[in-house]
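User: I would like to go through the terms applied to this model and the reasons for each. Please set the values against the cut-offs.

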Amino acid sequence: MSFLLPQIERRRLLNSLPRQLTTSMDLVLATTGPRVQQVTPAAPVSAPKRKRCAKCPSKADKKTPVVCCKGDLPICKDHTAYCFACSGGR
């Protein structure tokens with residue numbers, strides 16, 4: 001039962017749970033204090049900058065956030081199956 005206590009404590013902090021369930025959790029945990037969730041501010045997550053595909057002609061201007069696994073070159077969906085850097089330059 002001791003391995004369940006940390007999970008019960010985490011679930012008790014959720015505000016969306018029914019009152020009856022949180023009351024049962026309080027009985028199991030033997031706590032009576034208010035439910036206060038410790039919120040830590042998350043770092044802002046930014047999407048990778050979209051760059052022009054290295055294989056497409058510049059006239060097509062295909063922008064993609066995907067990069068090649070080895071060469072760090074931007075590759076569009078059409079060229080993901082055949083990456084120039086990964087294929088050895090063939």
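User: What share of the 90 residues in the chain is buried?

Analyst: In this predicted model, buried residues account for 18% of the 90 residues. A residue is called buried when its relative accessible area is under 20%.

User: What makes arginine 52 and aspartate 61 a salt bridge?

Analyst: The closest N and O atoms of arginine 52 and aspartate 61 are 2.8 Å apart. The cut-off is 4 Å between a side-chain nitrogen of Lys or Arg and a carboxyl oxygen of Asp or Glu, so the pair qualifies.

User: Why is arginine 52 called partly exposed?

Analyst: Its relative accessible area is 40%. Partly exposed covers the range between under 20% and over 50%, so arginine 52 belongs there. Aspartate 61, at 37%, is also partly exposed.

User: How do you know that lysine 62 forms a salt bridge with aspartate 78?

Analyst: Their closest N and O atoms lie 2.2 Å apart, and the limit is 4 Å; therefore the pair counts as a salt bridge. This pair links distant parts of the chain, 16 residues apart: lysine 62 is in the loop between β1 and β2, and aspartate 78 is in the segment after β2. By this rule, the count is two salt bridges.

User: Why is aspartate 78 called exposed?

Analyst: Aspartate 78 has 54% relative accessibility. Exposed requires over 50%, so the term applies. Lysine 62, at 32%, counts as partly exposed.

Key:
Residues numbered from 1 in each chain as written. Predicted model: local features only at pLDDT ≥ 70, side-chain atom pairs only at ≥ 80, totals over all residues. Heavy atoms only, no water. Buried < 20%, exposed > 50% of the residue type's maximum accessible area, 1.4 Å probe, protein only. Helix = DSSP H or I, 4+ residues; strand = E, 2+ residues; numbered from the N terminus.
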